[in-house]
Amino acid sequence: MEFKNKITLGFPDPDTAHTVILADGDFPSQGYAREILDGAKRVVCCDGAADTYIYNGGTPAAIVGDLDSVSDGTRASYAAILHRDTDQETNDLTKAVRYCAENYPDETGDILILGATGKREDHTIGNISLLRDYNTFYGFSGRVRMVTGLGIIDHIGEDSLFGSFCGQQVTILCLDPATRITTHNLKYSLHRANLRAWWQGTLNESLGDTFGIGTDGDTFVYRLF
């Protein structure tokens, strides 16, 4: 399989200082996600996520959102980095992404979102879907990617190669059921297939240190660590 406009998505290096956006879902207390958090160049916290981050020894670069969840103590101690955004048409995660786009326009590395899953499934689904907007409309030089406690989620809209390992579990989800998917080096191969139900793209498996996905629409790829 050949890719006309391939991009390559490896695994973020915890030793490379990334901009991290910390949402108020499950806090990355251990493992790969915690290594990324600890090595971040800057951490922008979504509202109440600041309390958990500070409690765990962190110092936010900014606290962004409608600020209805952050504690009074954090408000007082970190008043200089509070950025209240009252836009009711977006959630706190989007407000934090927008803040990064406006304040770090020369950012060339990936923007890594942590803490965006867990606690509430509706928030998890919504946050994952927003990756499409962040990578389409915000003009970052790098990618906006989501790291969870168990894996990494990427949005793609073009043919892409992924770093992997033999046996890695892979799930492919499409926003539009008419999207055509072709795969390379996955156990269950697809050729211009439509994944009309989300379950149809789950539980695939990598056959080596890379795999490829060809797509003509907005697609989300989950790789289990």
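Student: How many cavities of 30 Å³ or more does the count come to?
Tutor: One. This is a predicted model, and its largest cavity has a volume of about 40 Å³. The lining residues are L22, A23, D24, G25, F27, A49 and T52.

Student: What makes that one a cavity?
Tutor: A 1.4 Å probe fits there but cannot get out, so the term is cavity and not pocket. A pocket is an open set of points.

Student: What volume does the largest pocket have, and which residues lie nearest its centre?
Tutor: The volume is about 520 Å³. The lining counts 26 residues. T117, I128, T148, I153 and Y222 lie nearest the centre. Three elements give two or more residues each to this lining: α5 (121-129), β10 (169-174) and β15 (219-224).

Student: How do you know how many disulfides the structure holds?
Tutor: The cut-off is 2.5 Å between two cysteine sulfur atoms. The structure holds zero disulfides. Take C45: the nearest cysteine sulfur belongs to C46 and is 7.6 Å away. That distance is over the 2.5 Å limit, so C45 is in no disulfide.

Student: Why does C45 count as buried or exposed?
Tutor: Buried means under 20% relative accessible area. C45 has 0% relative accessibility, so C45 counts as buried. C174 has 3%, so C174 counts as buried too.

Student: What is the phi of D47, and what of K119?
Tutor: D47 has a positive phi of about 45°, although D47 is not a glycine. Phi of K119 is near 70°, again positive in a residue other than glycine. D47 sits in the loop between β3 and α2. K119 lies in the loop between β6 and α5.

Student: Why does D47 count as buried or exposed, and why K119?
Tutor: D47 has 1% relative accessibility, so D47 counts as buried. K119 has 59%, and exposed means over 50%, so K119 counts as exposed.

Student: How do you know whether β2 and β3 pair?
Tutor: Pairing needs at least two bridges. Four bridges join β2 (residues 19-22) to β3 (residues 42-46), so the two strands pair. They run parallel. I21 stands opposite V44 in β3.

Student: What joins β11 to β12?
Tutor: Two bridges join β11 (residues 180-184) to β12 (residues 193-194), so the requirement of at least two is met. These strands run antiparallel. The bridge partner of R180 in β12 is N194. β11 also pairs with β14 (residues 210-215), over four bridges and in the antiparallel sense. There, T182 has G214 as its bridge partner.

Student: What makes β5 and β13 edge strands?
Tutor: Each pairs on one side only. β5 covers 82-84 and β13 covers 204-205. The open sheet has 10 strands, in the order β5-β4-β3-β2-β6-β7-β8-β15-β10-β13. The pairing is mixed.

Student: Where does helix α1 lie?
Tutor: Helix α1 (residues 31-38) lies across β2, β3, β6 (111-114) and β7 (144-147). Helix α1 runs at about 125° to β6.

Student: Which residues of α1 are buried, and what do they pack against?
Tutor: Y32, A33, R34, I36 and L37 are the buried ones. Each is called buried because its relative accessible area is under 20%. The buried residues pack against β2, β3, α2 (49-55), β6 and β7.

Key. Residues numbered from 1 in each chain as written. Predicted model: local features only at pLDDT ≥ 70, side-chain atom pairs only at ≥ 80, totals over all residues. Heavy atoms only, no water. Contact = heavy atoms within 4.5 Å. Axes fitted to C-alpha atoms, helices over the stretch in contact; angles between N-to-C directions. Buried < 20%, exposed > 50% of the residue type's maximum accessible area, 1.4 Å probe, protein only. 1 Å grid on protein atoms, 1.4 Å probe; cavity = no way out; pocket = protein on both sides within 12 Å on 5 of 7 lines; lining within 4 Å. Points joined across faces, edges and corners; volume = space filled by probe spheres on them.
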